[in-house]
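Open the model in your viewer and show it as a cartoon. The tour below tells you what to select at each stop and what is found there.

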Amino acid sequence: MKIIDVDRATFNELDPTRRIIDAPHAHRFAIVHLDSFGDYGLAWNSTLIEPSITPVADSTLWLGVDENLVVLDLNYGRVLVALPLHYPLFEIVEVGSAIVVITELEVLVFNQNGSLRFTEGLPDIATNWSFQDEQMSIELLDQSRLRLDLQSGKVLSAPSAFVKNALNSDRSSPHFPAPELRKQSTVLHHSLKHLPQHAVIAL
């Protein structure tokens, strides 16, 4: 697999079905070359942000940048998931059998086949995150922390204001996704250079 920066003209030469991320007002363009299936195009807005690309189990490739997420099937070269995100993508991390997609104000946890386990809205911007076993710890901009069980989606600990809002909310806002969203099969990813430290996986 190779990633090559290209210009708009080169990107536009690709078949539209191969332009897997195609932002309407893009300023940067790249080609992802897969030896077995050829070229796929990415077009995004943020000039200072690089696409985040995570291979999983030699069978899927998770790509994301800005507010877009795509999953490619490496066995057949087809798009499994193409998902616009509510918030800018920070990182995609494989943790055990889970794929964790961290965005500015939301965490999405997927199975390796692209089906969605659960989503969890965040009360403030995520700044750091770490993993141990099947648990995730997220540090927020206000310096509070939230811990999630990646198997069940249970919030193990959270700021008191977050717990109160969750109990009072109908969970229909972007911070508390509607129940039906938790059953969708979708996928995501992105990396933001000016964040403090990125995720650390505890082995």
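Select residues 68–73, which make up strand β7, and then add strand β8. In this predicted model, β7 and β8 run antiparallel and are joined by 5 bridges. To see one of these bridges, pick Leu-72 and look across to β8, where its bridge partner is Val-79.

Now widen the selection to the sheet that holds this pair. It is an open sheet of 4 strands in the order β5-β6-β7-β8, and its pairing is antiparallel. Where does the sheet end on either side? The edge strands are β5, residues 52–56, and β8, residues 79–84, and each of them pairs on one side only. Neighbouring strands of this sheet are turned against each other by 10° on average, with direction ignored. As background, strands of a sheet pair through backbone hydrogen bonds, either parallel or antiparallel.

Go next to the other open sheet of this tour. Its 4 strands follow the order β1-β3-β4-β2, and here the pairing is mixed. Select residues 2–6 for β1 and 19–22 for β2: these are the edge strands, each pairing on one side only. From one strand to the next, the twist averages 20°. For a parallel pair, select β2 together with β4, residues 38–44; 3 bridges join them. Ile-21 has Leu-42 in β4 as its bridge partner.

The next stop is strand β11, residues 106–111. Is β11 enclosed or open to the outside? Of its 6 residues, 5 are buried, so this strand is largely enclosed by the rest of the structure. A residue counts as buried when its relative accessible area is under 20%.

Keep β11 selected and add its partners one at a time. Start with β10, residues 98–103, which pairs with β11 in the antiparallel sense over 5 bridges. Ala-98 is a useful residue to click, as its bridge partner in β11 is Asn-111. The two strands form a hairpin, with 2 residues between them.

Then add β12, residues 116–121, which also pairs with β11 in the antiparallel sense over 5 bridges. Here Val-109 stands opposite Phe-118 in β12. The hairpin of β11 and β12 has 4 residues between the strands, and Gly-114 in this hairpin takes a positive phi near 95°.

Move along the chain to β14, residues 135–140, and β15, residues 145–149. These strands run antiparallel and 5 bridges join them. Click Glu-139 to find its bridge partner in β15, Arg-145. Which residue of this hairpin takes a positive phi? It is Gln-143, with a value near 75°, and the hairpin has 4 residues between its strands.

Extend the selection to β16, residues 155–157. Strands β15 and β16 pair in the antiparallel sense over 2 bridges, and the bridge partner of Arg-147 in β16 is Ser-157. Their hairpin has 5 residues between the strands, with Gly-153 taking a positive phi near 80°.

Finish by selecting the whole protein chain. Its secondary structure comes to 2 helices and 17 strands. Of its 203 residues, 46% count as buried. The chain exposes about 10100 Å², and carbon and sulfur atoms supply 50% of that area. Among contacts with a separation of 6 or more, 43% are between residues 24 or more positions apart.

Conventions:
Residues are numbered from 1 along each chain as its sequence is written. This is a predicted model: local features need pLDDT of at least 70, side-chain atom pairs count only at pLDDT 80 or more; totals for chains, interfaces and linings use all residues. Side-chain values use heavy atoms; hydrogens and water are left out. Two strands pair if DSSP finds at least two bridges between them. Buried means under 20% relative accessible area, exposed over 50%, partly exposed in between (1.4 Å probe, protein chains only). Contact means heavy atoms within 4.5 Å. Accessible areas come from the Shrake-Rupley method with a 1.4 Å probe; for residues, only the protein chains shown count as cover. Axes are lines fitted to C-alpha atoms, for helices over the stretch in contact, and angles run from 0 to 180 degrees between N-to-C directions.
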